[in-house]
Amino acid sequence: MAHCLVVPSRILASLLLVLACRDKTGNGTDAGKSLPAVFSLGPTSNTNWNVNAGPVMLLSAGNGSDSVSIVLPEATDSTVELIQDVAPPVSGFVFELFNRSGKVDSTRVVPQKSGADTTRECNFWPVGRTKSAHPDWRVGFVRGNVSAIPLDSIESLPSPDSAMLAASLARTAGTLPVSSDPTFRRLPFRVQSAYTFRLDSAEVVIADIVRTLNEEANPRIEHLLLIGERAAGSKGKYAVGYFSRIAGPEETMQATEVLAAVRIGVSKSPAIIISVESEDGVKLGLIERTGPGQWRPTWKSASTTC
C-alpha cells in the first residue's frame with residue numbers, strides 16, 4: 001500500500017499569504033511581478049518531488065557555516081524568483097542533517113534575510129541559520145521523513161579492492177551505447193569518483209566515469225554518471241540501472257556531485273541526492289530506485305545562479 005505524507009495546510013497557507021502580501025507591498029521593482037496561476041507545496045505539484053521526503057530540504061552553505069539554503073521543492077525556474085526573499089515556514093521543525101557518510105546531526109533552523117545583492121540578475125533560495133554550526137553536512141530533511149544510507153568511497157578501499165572496482169566500472173562503461181561524439185571512441189575510461197552501498201542482497205555503485213581528449217587548443221571531456229547493481233559479494237560486472245552521458249569543452253563542462261543517499265518515507269524507497277553545476281547555475285536532483293536494478297531521475301530543483 002502506498003503511503004503519502006500530506007504537507008500541512010498551514011505551510012501552504014503561510015507561504016501563499018506571504019507571497020500575496022509581498023506582491024501588494026513591494027516597491028516599484030516588484031510592480032511587474034505576478035504570482036503564477038498555481039504555486040503549490042502539496043502533492044498536486046508537477047515537479048515530481050517525492051512528498052514523503054517532507055515539505056522542504058536544506059542545503060549547506062559549506063565550510064562549517066551555520067548558513068543554509070532552504071530549498072522549496074515545488075519551485076520551478078519560473079517561480080523561484082518569487083520566493084527567494086520569503087521567510088519559509090520552517091519554524092517548529094527539527095531537521096536531520098546528512099552527508100555521504102550518513103546522518104551527521106539534528107538542528108532547528110531560523111529564517112534570515114538573504115543579504116544577497118538584489119541588483120544582480122540572479123536567483124537564490126531563501127536562507128536561514130542553524131542553531132549552531134554543524135561541520136561537513138550537505139543536505140537536511142524534516143525529522144522522520146528519511147533515513148541515512150551510508151556511502152563508501154572508492155578512495156577508502158584497500159588498493160587491490162579499489163583497482164578491482166575501477167576495472168569493473170570501466171568494463172561496465174564499455175558496454176554502454178556508443179557515444180554520439182566520435183572524438184571519444186577508443187579512448188580509455190577513468191573513474192573520477194565512485195561510491196558503493198548495500199541494499200538488502202544488492203551492492204549498488206554510483207560513479208562518475210570520464211574520458212578526456214587532451215588537445216592543447218581544445219581539451220574536451222566526457223562524463224558518464226552511472227548507477228549499477230550486482231549481487232552482494234559478487235566480483236562480477238555491474239548491471240546498469242541508470243546512466244547519463246555528457247561531453248564538451250573541459251572548461252565549461254557541468255560538474256555532478258553526489259551529496260547523500262537516503263531512504264524515503266515508510267516504504268524506505270532508496271534515493272540519491274545530487275548537485276549539478278553548470279554555466280546556467282546549480283540544480284539539485286533526486287535519482288530514485290524504482291525496482292530491483294532500476295533507477296531513474298525523478299525530481300530536479302529550480303536553478304540558482306548566485
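The conversation below goes through a predicted model of one protein chain and asks what the words used for its parts rest on.

Visitor: What makes up the protein chain, and how much of the chain counts as buried?

Guide: The protein chain holds three helices and 17 strands, and of its 306 residues 46% count as buried. Among contacts between residues at least 6 apart in sequence, 60% join residues at least 24 apart.

Visitor: Why is I264 called buried?

Guide: The word buried is kept for residues under 20% relative accessible area. I264 has a relative accessible area of 1%, which is under that limit, and therefore I264 is called buried. I264 belongs to strand β14, and, leaving aside residues up to four places away in sequence, it touches N50, N52, A53, N145, V146, S269, A271, L286 and E288.

Visitor: How far apart are I264 and N52 in sequence and in space?

Guide: Along the sequence I264 and N52 are 212 residues apart, while from C-alpha to C-alpha they are 6.3 Å apart in space. N52 is also one of the residues that I264 touches, and a contact requires heavy atoms within 4.5 Å.

Visitor: Why is N48 called exposed, and what is noted about its phi?

Guide: A residue counts as exposed when its relative accessible area is over 50%. N48 stands at 53%, so N48 passes that limit and counts as exposed. N48 is found in the loop between α1 and β1, and it has a positive phi of about 70 degrees although it is not a glycine. Most residues other than glycine have a negative phi.

Visitor: What makes D136 exposed, and where is D136 placed?

Guide: With a relative accessible area of 60%, D136 is over the 50% limit, and so it is called exposed. D136 lies in the loop between β6 and β7, and, although not a glycine, D136 has a positive phi of about 75 degrees.

Visitor: Is T107 buried or exposed, and what joins the side chains of T107 and H134?

Guide: T107, in strand β4, has a relative accessible area of 5%, which is under 20%, so T107 is buried. The side chains of T107 and H134 are joined at 3.4 Å, and because a polar contact asks for a suitable pair of N or O atoms within 3.5 Å, this pair is called a polar contact. Besides H134, the residues that T107 touches include F93, V94, F95 and L97.

Visitor: How do you know that β14 and β15 pair?

Guide: Two strands are said to pair when there are at least two bridges between them. β14 and β15 have nine bridges in the antiparallel sense, and therefore they meet the condition and are said to pair. V262 stands opposite A271 in β15. β14 and β15 form a hairpin with four residues between them, and G265 in the turn has a positive phi of about 70 degrees.

Visitor: What joins β15 to β16, and why is β15 called largely enclosed?

Guide: Eight bridges join β15 to β16, and the two strands run antiparallel. They form a hairpin with two residues between them, and S278 stands opposite G281 in β16. As for β15, eight of its 10 residues are buried, so β15 is largely enclosed by the rest of the structure.

Visitor: Why do β9 and β13 stand at the edges of their sheet?

Guide: The open sheet of five strands has the order β9-β10-β11-β12-β13, with antiparallel pairing. β9 and β13 each have a single partner strand, so one side of each is left without a neighbour in the sheet. In this sheet, strands β11 and β12 are joined by 12 bridges and run antiparallel, and the bridge partner of L213 in β12 is R220.

Visitor: Which residues lie nearest the centre of the largest pocket, and how many line it?

Guide: The largest pocket is lined by 23 residues, of which L59, S69, V282, T304 and C306 lie nearest its centre. Its volume is about 480 Å³. By class, the lining has 12 nonpolar, eight polar and three charged residues.

Visitor: Which strands supply at least two residues of that lining?

Guide: β1, β14, β15 and β16 each supply at least two residues, and the largest share, three residues, comes from β14.

Conventions. Residues are numbered from 1 along each chain as its sequence is written. This is a predicted model: local features need pLDDT of at least 70, side-chain atom pairs count only at pLDDT 80 or more; totals for chains, interfaces and linings use all residues. Side-chain values use heavy atoms; hydrogens and water are left out. On a 1 Å grid over the protein atoms alone, a cavity is a set of points where a 1.4 Å probe fits but cannot get out, and a pocket is an open set with protein on both sides within 12 Å along at least five of seven lines; lining residues have an atom within 4 Å of a point. Grid points are joined across faces, edges and corners, and a volume is the space filled by probe spheres set on the points. Ala, Val, Leu, Ile, Met, Phe, Trp, Tyr, Cys and Pro count as nonpolar, Asp, Glu, Lys and Arg as charged, and the others, Gly among them, as polar. Buried means under 20% relative accessible area, exposed over 50%, partly exposed in between (1.4 Å probe, protein chains only). A polar contact is a pair of N or O atoms within 3.5 Å; within protein, one must be able to donate a hydrogen and the other to accept it, and residues adjacent in sequence count only if both atoms are side-chain atoms.
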